[in-house]
Amino acid sequence: WNENMKMQRLLSYVRRAVQDYDMIQDDDKIAVGISGGKDSLTLLMTLKGLQRFYPKKFELEAITVSLGFEGMDFSPIQKFCDELGVHYSIVDTQIGEIIFDARKEKNPCALCSKMRKGALNNKVEELGCNKIALGHNRDDVIETFFMSLFYEGRIHCFSPYTFLSKKKIASIRPLIYVPEKDVVGFARKQGLPIVKNKCKADGNTKREEIKNFMKNMGKDFDYFEETVFSAIKRSELEGWGEINEFLRTGK
């Protein structure tokens, strides 16, 4: 019963985000980017649940971009996707080697993200998908907002729905209303097959500093995260107002 309630709670968050930002249309073929972490696996399972009753019919694909780190075994995710009935693709790359060994990047995350997106977009095109679903949760939204503010001196955050006009692909983020603690609880209860990230920079990033900042602010201010998220949602930030036709189609 408890597990069922957790799933219902997640589905209600996801359905609301999908409807608020018009993320899914009839006949969409949606690729879910699977990193191997709790968020992307929760997203896949939730979208599979949504598929059963959502009035607009859509297909799902699951894609992992492997960065080439030794010791990362994605076979548990393959098994998980087989059980869900979702086709799973792994894109093998040498991104890790290029960033850490060849280029010896001091700040590897930005270049890694760019290269990973490129590899993912190419596979999405190859599979004939028109949308990519990414597993950013509510905490990620707030962290990104503060990272832009503190480290770049600008007020910015990724959008719930982004149309990549060059590729004619949209990226959607159906977990944006879900607090991270709910994802953690769900992943633990479901026993999701999380594959530990072997990246040398994992856990030693600016995002980690912001997580600690948020934790401390949460001790001093009631409903700190809820208040900041509400401010982002009501702001003039691109993509956070009502979705419009241009965002969806680029026309």
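This passage walks through the sheet, the core, one pocket and one helical residue of a predicted model.

The strands are a convenient place to start. Six of them form an open sheet with mixed pairing, arranged in the order S3-S2-S1-S4-S6-S5. At its edges lie strand S3 (87–92) and strand S5 (161–164), each of which pairs on one side only. From one strand to the next, the twist averages 25°. Within this sheet, strand S1 (residues 28–33) runs parallel to strand S2 (residues 58–66), and six bridges join the pair. In this pairing, Asp 28 stands opposite Phe 58 of S2. Helix H2 (residues 38–53) lies across S1, S2 and strand S4 (131–133). The angle between H2 and S2 is about 170°.

Attention now turns to the nonpolar side chains. In soluble globular proteins, such side chains tend to be buried together. Here, the largest nonpolar core holds 77 residues. Those with the most contacts inside this core are Met 23, Ile 24, Leu 44, Leu 47, Leu 50 and Trp 240. Helix H1 (residues 2–20) supplies the largest share of the core, seven residues. Leu 50 is a helpful residue to look at in the viewer: leaving aside residues up to four places away in sequence, Leu 50 touches Leu 11, Val 14, Arg 15, Val 18, Ile 24 and Phe 58. Two of these names have already come up, with Ile 24 listed among the core residues with the most contacts and Phe 58 facing Asp 28 across the strand pair.

The pocket considered here is the second largest, with a volume of about 280 Å³. Its lining consists of 14 residues, and Asp 139, Glu 180, Met 214, Lys 215 and Glu 225 lie nearest its centre. Helix H6 (138–152), helix H7 (180–190), helix H8 (206–220) and helix H9 (224–234) are the elements that each give two or more residues to this lining. The largest share, six residues, comes from H8.

Finally, a look at Ile 98, which is found in helix H4 (residues 95–102). Is Ile 98 buried, partly exposed or exposed? Its relative accessibility is 33%, and because this value falls between the 20% limit for buried residues and the 50% limit for exposed ones, Ile 98 counts as partly exposed. Ile 98 and Cys 112 are separated by 14 residues in sequence, while their C-alpha atoms are 9.3 Å apart in space.

How values were computed: Residues numbered from 1 in each chain as written. Predicted model: local features only at pLDDT ≥ 70, side-chain atom pairs only at ≥ 80, totals over all residues. Heavy atoms only, no water. Pairing = 2+ DSSP bridges. Helix = DSSP H or I, 4+ residues; strand = E, 2+ residues; numbered from the N terminus. Axes fitted to C-alpha atoms, helices over the stretch in contact; angles between N-to-C directions. Contact = heavy atoms within 4.5 Å. Core = buried A, V, L, I, M, F, W, Y, C linked by side-chain atoms within 4.5 Å. Buried < 20%, exposed > 50% of the residue type's maximum accessible area, 1.4 Å probe, protein only. 1 Å grid on protein atoms, 1.4 Å probe; cavity = no way out; pocket = protein on both sides within 12 Å on 5 of 7 lines; lining within 4 Å. Points joined across faces, edges and corners; volume = space filled by probe spheres on them.
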